[in-house]
Amino acid sequence: MDNSLAYFLKNFLRDSLSLNFNYFRPPFSNIHPMDQYLRQGLQNSEKLYDSLQKYLDAAEYGYFYILCDKYWLNYVYIRPYPDKPDIISVGPYLKRPVDQDFFTEIADRNHMAYSSIEAIRGLMYQFPIFDNTLKLLSLLNDILHYILPGGDAFQIKEINLSETTDAEENYQPVDNYQAYAETVAERYSVQDKLMDSVANGDITNALMYSARFKTMMPEQGLDDLLTDRKSLLYALNTTLRISAARSDVHPVFLHEISRKYVKLFEGCTSLSELDKLHEKMVREYCLLVKNKSRIHNTPLIKNVLNYIEFNLNQPLTLSEIAAHFSVSSPYLSKMFKQEVHENLTDYVTTQKLHVALRLLTTTNMQIQEIAAYIGIYDCNYFSKTFRKRIGSTPSEYRKKYSYRHG
């Protein structure tokens with residue numbers, strides 16, 4: 001499975017069902033994300049992970065494995081290809097509410113003291129409750145048939161670890177679990193501050209918090225730092241996309257920037273390249289919020305701004321836009337100036353010229369082609385307007401600022 005498909009599935013399951021998705025390749029040297037690092041905070045952590053890994057190693061093609069651990073957390077894992085031992089895992093999730101009875105029962109199962117229960121109480125509330133496993137399996141079955149059309153039908157195997165009596169496999173928090181929990185809480189606090197910064201278009205703080213967030217992430221498998229760093233940036237891309245969406249940025253812009261960086265990450269061959277893209281991505285999401293946020297606009301003006309954005313190749317006169325939205329020209333003019341602090345005609349011209357500036361410096365398109373591209377079919381009028389606004393002719397601007405001229 002390529003990284004872009006895995007990234008899409010991770011986003012899809014998280015956004016639609018709040019479920020964690022992971023894709024593992026042998027030798028499964030880092031399966032800590034499978035349980036969202038829960039076992040790292042437990043005694044005999046590596047033994048618990050080794051036990052989990054044995055089930056992954058033994059997985060056969062053609063089965064949905066449903067595993068329930070000693071905290072009654074459920075995981076579905078699959079070997080999706082008949083000729084490769086790669087593993088997809090989904091979870092953890094709970095099938096029952098987290099209440100006092102829940103904690104009493106897992107304390108009894110794991111011989112836990114009251115203090116241990118209090119230590120994990122907050123952690124358990126973070127896992128989603130999903131009691132319809134058949135619905136999940138149906139969805140995963142559709143995904144499998146998408147990535148491997150004509151594949152075999154999958155059967156179900158259940159593995160129940162909650163009944164095991166091995167004392168060494170009890171899920172006991174480590175003695176410094178409070179410190180571990182505080183570290184996790186701090187990481188989520190920094191992530192929240194990062195998301196707030198991006199939602200406000202605050203580049204300075206967004207860069208600061210994203211750098212802190214990167215250093216606070218749990219250590220990944222050291223056998224492939226490049227892959228691990230890419231995985232971190234795929235996750236960060238999702239976080240930034242969700243943050244920008246808070247400010248009512250149109251999904252089209254979010255999709256374009258998110259997809260662009262997925263492709264850029266895939267093409268990177270060094271950590272230094274990824275670090276540069278990390279900073280560039282944070283800046284670009286913040287600038288997207290600054291330039292495309294509609295959160296402070298009324299529905300009418302928000303729709304007008306998006307209409308202009310997606311139709312810059314049209315003349316876009318005040319009367320045409322007013323007619324499209326079934327309002328009078330004077331009313332639209334007044335409302336637009338009131339919210340955007342610029343009259344509509346000047347705003348349209350500014351947006352067209354922004355596109356023209358980009359095309360002049362990054363493409364070989366002829367001047368008349370650029371004018372037509374932005375809906376100005378009189379090349380002389382385009383040049384006159386360009387000179388009035390920019391201070392030079394299109395040709396002079398291209399000669400001075402084109403990337404091709406260094």
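What follows is a walk through this predicted model, from its overall build to its sheet, its rings and a few backbone oddities.

First, some housekeeping. Residues are numbered from 1 along each chain as its sequence is written, and side-chain values use heavy atoms, with hydrogens and water left out. Because the model is predicted, local features need pLDDT of at least 70 and side-chain atom pairs count only at pLDDT 80 or more, while totals for chains, interfaces and linings use all residues.

Let's start with the big picture. The protein has 17 helices and five strands; here helices (H or I, at least four residues) and strands (E, at least two) are DSSP runs, numbered from the N terminus. Along its principal axes, the C-alpha trace spans about 85 × 45 × 40 Å. Of the 406 residues, 49% count as buried, where buried means under 20% relative accessible area, exposed means over 50%, and partly exposed is in between (1.4 Å probe, protein chains only). Taking contacts with a separation of 6 or more, 66% of them come from residues 24 or more positions apart; a contact means heavy atoms within 4.5 Å.

Now to the sheet. The five strands make an open sheet in the order 1-4-3-2-5, with mixed pairing, and two strands pair if DSSP finds at least two bridges between them. Strand 1 (21–24) and strand 5 (155–160) stand at the edges with a single partner strand each, so one side of each has no neighbour in the sheet. From one strand to the next the twist averages 20 degrees. Axes here are lines fitted to C-alpha atoms, for helices over the stretch in contact, and angles run from 0 to 180 degrees between N-to-C directions.

Look at the two edges in turn. Strand 2 (residues 63–68) and strand 5 run parallel and are joined by six bridges; one place to find this pairing is Ile 66, whose bridge partner in strand 5 is Glu 158. Helix 5 (residues 133–147) packs on the sheet, touching strand 2, strand 3 (74–78), strand 4 (87–93) and strand 5, and its direction makes about 140 degrees with that of strand 2. At the other edge, strand 1 pairs with strand 4 in the antiparallel sense over four bridges, with Phe 24 opposite Ile 87. In a regular strand, side chains alternate between the two faces of the sheet. Both faces of strand 1 are covered: Phe 21 and Tyr 23 are buried on one side, and Asn 22 and Phe 24 on the other.

Next, the rings. The structure holds 16 aromatic pairs. Rings of Phe, Tyr and Trp (its six-membered ring) pair if their centres lie within 6.5 Å; planes under 30 degrees apart count as stacked, over 60 as edge-to-face and the rest as tilted. The pair of Tyr 307 and Phe 325 is edge-to-face because the planes are at 85 degrees, with centres 5.6 Å apart. Tyr 307 sits in helix 11 (residues 299–310) and Phe 325 in the loop between helix 12 (318–324) and helix 13 (329–340), so the pair ties together parts that are 18 residues apart in sequence. Tyr 307 is buried, at 16% relative accessible area.

Another edge-to-face pair is Phe 386 with Tyr 397, 5.9 Å centre to centre and 75 degrees between the planes. This pair links helix 16 (residues 379–390) to helix 17 (residues 394–401). Phe 386 is buried at 0% relative accessibility, and Tyr 397 is buried too, at 15%. Both belong to one aromatic cluster with Phe 382 and Tyr 401.

Some rings have a charge over them, that is, NZ of Lys or CZ of Arg within 6 Å of the ring centre and within 35 degrees of the ring normal. Arg 96 lies over the face of Trp 72, 5.6 Å from the ring centre, and the charged end of Lys 292 sits over Phe 253 at 5.2 Å.

Finally, the backbone. Most residues other than glycine have a negative phi, and most peptide bonds are trans. Cis peptide bonds join Pro 26 to Pro 27, with omega about 10 degrees, and Gly 91 to Pro 92, with omega about 5 degrees. Pro 27 lies in the loop between strand 1 and helix 2 (45–57), whereas Pro 92 lies in strand 4. Ser 18 has a positive phi, near 60 degrees, and is partly exposed at 48%.
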